[in-house]
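Please find below a short set of comments on the model, ordered by topic. Each point can be checked against the coordinates.

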Amino acid sequence: MTVYSRLIQNVAGVRHGFGDAATLLPVPLQPWLDTAPVKKQVHGIDIRRVYRPAEPCGEADGLITSTPGILLHVLTADCLPILFCRRDGKSIGVVHAGWRGLLAGIVEAFAAQLAYPDGPANWVAAIGPSAGPCCYEVSESLVEDFLQQLAIPANIVRPRPLHLDLAAIARHKLQALGFQGVDVLRQCTICGTAAGGHRYTSYRRFCRQRAIDPAYPSISGRNQHSGLVITG
Ligand SMILES: [Zn+2]
């Protein structure tokens, strides 16, 4: 079942949704699939401004537009999908952020696109389902990298030993950058289950299963899509 952000739902003239394994692209966004820019996500920090439907954008992990009728979306399978929306519904953006992107500054790169007299204070952000702190075990050196970079308490970055809370890190960055509202949907792609099995496609879970059974099917084409479009 697609999940939605209350914060973005309150903005008139914008449709959005976070997909899952059952409905990869949320139903409200499906009519716009052909308008989505063509991009390759590379865990980088490049944000592209989009002006035309189906525009080729090369390698990009973030998109921004003020043009109605263009679907901006990202594919994820443990990384964070972050949807952005101007409070008046006139501009939207989307970011794909895993630990690499967060550490390299993709959230800051997106905020830098919102030049004066616009700025994060006119925008809201919603952080979708991702690998949760319940399951996202990482190396000690990666935890250290985040702790050294961020001026936020260690128990927020790493609520359990060797477990990162990607969503909490992103939320703190967004709040520090001055975004007017930040919604966190708090669903774990690794352990979250639905009636029919696992609710989300998870890269981490796939790797574990593949280690046990090398014939386990690839997740290619099964990433969930999260995005939004200006309809107004
Ligand atoms: Zn979990």
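The points below cover the metal site, the nonpolar cores, one loop residue and the main pocket of a predicted model.

1. Zinc donors. Four cysteine sulfurs coordinate the zinc ion: the SG atoms of Cys134, Cys135, Cys188 and Cys191, at 2.2 to 2.4 Å from the metal. Along the chain these donors follow the pattern C-C-x52-C-x2-C. Cys134 sits in the loop between β9 (123-127) and α4 (140-149), while Cys191 sits in the loop between β10 (181-184) and β11 (193-194); the two are 57 residues apart, and the pair links distant parts of the chain.

2. Zinc geometry. The angles among the four donor atoms run from 103 to 117 degrees, and the site is tetrahedral. For reference, the ideal angle for four tetrahedral donors is 109.5 degrees.

3. Accessibility at the metal site. Are Cys134 and Cys191 buried or exposed? Neither label applies: Cys134 counts as partly exposed because its relative accessibility is 38%, and Cys191, with a relative accessible area of 38%, is partly exposed too. The cut-offs behind this are under 20% for buried and over 50% for exposed.

4. Largest nonpolar core. This core holds 39 residues, of which Ile82 and Leu164 touch the most other members. Two or more residues come from each of β7 (80-86), β8 (92-97), α3 (106-112), β9, α4, α6 (166-177) and β10. Beyond its neighbours within four places in sequence, Leu164 is in contact with Gly132, Pro133, Tyr136, Val138, Leu142, Val143, Phe146, Val157 and Ile169.

5. Second core. A separate core of 22 residues has Val3, Ile8, Val11 and Val74 among its members.

6. Val11. This residue is placed in the loop between α1 (6-9) and β1 (14-18). Val11 is classed as buried because its relative accessibility is 7%. With residues up to four places away in sequence set aside, Val11 touches Cys85, Arg86, Arg87, Asp88 and Gly89. Val11 and Gly178 are 167 residues apart in sequence, and their C-alpha atoms are 18 Å apart in space.

7. Largest pocket. Which residues are closest to the centre of the largest pocket? They are His43, Ala77, Cys79, His96 and Tyr203, out of 22 that line it. The volume of the largest pocket is about 500 Å³. At least two lining residues are supplied by each of β2 (38-40), β6 (72-76), α2 (99-104) and α7 (203-212).

How values were computed. Residues are numbered from 1 along each chain as its sequence is written. This is a predicted model: local features need pLDDT of at least 70, side-chain atom pairs count only at pLDDT 80 or more; totals for chains, interfaces and linings use all residues. Side-chain values use heavy atoms; hydrogens and water are left out. Donors are N, O and S atoms within 2.8 Å of the metal (3.2 Å for Na, K and Ca); water is not among the atoms, so sites may look incomplete. Four donors count as tetrahedral if all angles lie between 85 and 135 degrees; four count as square planar and six as octahedral if opposite donors are over 155 degrees apart and all others between 65 and 115; anything else is irregular. Helices (H or I, at least four residues) and strands (E, at least two) are DSSP runs, numbered from the N terminus. Buried means under 20% relative accessible area, exposed over 50%, partly exposed in between (1.4 Å probe, protein chains only). A nonpolar core is a set of buried Ala, Val, Leu, Ile, Met, Phe, Trp, Tyr and Cys residues joined through side-chain atoms within 4.5 Å. Contact means heavy atoms within 4.5 Å. On a 1 Å grid over the protein atoms alone, a cavity is a set of points where a 1.4 Å probe fits but cannot get out, and a pocket is an open set with protein on both sides within 12 Å along at least five of seven lines; lining residues have an atom within 4 Å of a point. Grid points are joined across faces, edges and corners, and a volume is the space filled by probe spheres set on the points.
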